[in-house]
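User: I am new to this structure and should be grateful for a close look at one part of it. Please begin with a single residue and its strand, and then set that part within the chain.

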Amino acid sequence: DGAVGATREAAFTLKNHSARHWRFEWPAVEGFKIVPAVGHLHAGAEKPVVLTFTPEAAVKHDPMELPLKVYAVADNARYEIETKPIVFRPTMMFQARTHSFPLKNTSTSRLDFNWSIVDDATGEAEGGPFSIKPESGSVEAGETAMVTVRFSPDEVVPCARTLRCDIPSLDDGYEPIAIPLNGKVLRPWCH
């Protein structure tokens, strides 16, 4: 309760204790504002919510229940990506070249990803002259993320690597992404 025109707020936290992602949407109620009114709550996450009451005239609301509508999607990860080898043109030491490509999520739920670069000679996760952005993240259903590989050698070394992507819950018939990387390093002539 409070004076007409005086704002009152109540804050609470939505917590998702499940292993699934959930979409929520609060109904519109006259005199009340709920922020956020619509959103997604990822598995294990929590989100602060603020309920604001700003009456413009004298009013008395009887106690009410605000129904929580829950929308859920479950799907295994599916993607579209070009997996042909990425071979950089000869590049001088301390110079850089980049190559970008799309990673499209063709499933109906969020696709989480985590890239690593593996040295073909040792099998170790070691990028050497290569780096990738973003290294990890997620792509919403039906959306596309642009991925950029950067080749920036600082020494003449063997460059054969494999770009690997860890995607949890891949659908049957989808292999983990593995893209061969290579490039040639040129040493500048010194006088």
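Analyst: Phe12 lies in strand β1 of this predicted model. Its relative accessibility is 33%, and Phe12 is therefore counted as partly exposed, since that class lies between the limits of 20% for buried and 50% for exposed. Leaving aside neighbours within four places in sequence, Phe12 is in contact with Trp26, Lys47, Pro48, Val49 and Leu51. One of these partners, Lys47, is 35 residues away from Phe12 along the chain, yet the two C-alpha atoms are separated by 8.6 Å.

The pairing of the strands gives the setting for these contacts. Strand β1 covers residues 8-15 and strand β5 covers residues 46-53; the two run antiparallel and are joined by 8 bridges. Within this pairing, Ala10 has Leu51 of β5 as its bridge partner. Leu51 is also among the residues that Phe12 touches. In a regular strand, side chains alternate between the two faces of the sheet.

Strand β5 has a further partner in strand β3, residues 32-35, which is likewise antiparallel to β5 and is joined to β5 by 4 bridges. Here Phe32 stands opposite Phe53 of β5. Directly at the end of β3 there is a cis peptide bond, between Val35 and Pro36, with omega at about -5°. Pro36 itself belongs to the loop between β3 and β4, the latter being residues 38-41. Most peptide bonds are trans, and most residues other than glycine have a negative phi.

A second cis peptide bond is found elsewhere in the chain, joining Lys133 to Pro134 with omega at about -10°. Pro134 is placed in the loop between β11 and β12, where β12 comprises residues 136-139. Lys133 stands opposite Thr148 in β13. The strands concerned, β11 and β13 (residues 144-151), pair in the antiparallel sense over 4 bridges.

Both of these strands belong to an open sheet of 4 strands, in the order β7-β9-β13-β11 and with antiparallel pairing. Its edges are β7, residues 79-80, and β11, residues 130-133, each of which pairs on one side only.

Ala77 is found in the loop between β6 (69-72) and β7. The relative accessible area of Ala77 is 4%, so this residue is buried, the limit for that class being under 20%. Apart from residues up to four places away in sequence, Ala77 touches Ser107, Leu111, Ile167, Pro168, Ser169, Leu170 and Asp171. Ser107 is 30 residues from Ala77 in sequence, but the C-alpha atoms of the two are 5.7 Å apart in space.

Ser169, one of the residues touched by Ala77, is placed in the loop between β14 (161-166) and β15 (177-186). Its phi is near 60°, a positive value in a residue other than glycine. In contrast to the buried Ala77, Ser169 is exposed, because its relative accessible area is 52%, where exposed means over 50%. Phe94 likewise has a positive phi, of about 70°, although it is not a glycine. Phe94 is located in the loop between β8 (86-92) and β9 (97-105). With a relative accessible area of 63%, Phe94 is exposed, whereas Phe12, at 33%, counts as partly exposed.

These parts may now be set within the whole chain. Its secondary structure comes to 15 strands and 0 helices. Along its principal axes the C-alpha trace spans about 85 × 45 × 25 Å. The radius of gyration is 25 Å, while a compact globule of 191 residues would have one near 16 Å. Of the 191 residues, 27% count as buried, and Ala77 is one example of a buried residue.

Contacts over long stretches of sequence are also described for the chain as a whole: among those between residues at least 6 apart in sequence, 67% join residues at least 24 apart. The contact of Phe12 with Lys47 spans 35 residues, and the contact of Ala77 with Ser107 spans 30 residues.

The exposed surface of the chain is about 12500 Å², of which carbon and sulfur atoms supply 51%. As regards charge, the chain carries 20 positive and 25 negative charges, and the mean positions of the two sets are 6 Å apart.

Methods
Residues numbered from 1 in each chain as written. Predicted model: local features only at pLDDT ≥ 70, side-chain atom pairs only at ≥ 80, totals over all residues. Heavy atoms only, no water. Pairing = 2+ DSSP bridges. Rg over C-alpha atoms; globule rule 2.2 N^0.38 Å. Buried < 20%, exposed > 50% of the residue type's maximum accessible area, 1.4 Å probe, protein only. Contact = heavy atoms within 4.5 Å. Areas by Shrake-Rupley, 256 points an atom, 1.4 Å probe, with all protein chains shown as cover. Lys, Arg positive; Asp, Glu negative; His and termini not counted. Charge placed at Lys NZ, Arg CZ, Asp CG, Glu CD.
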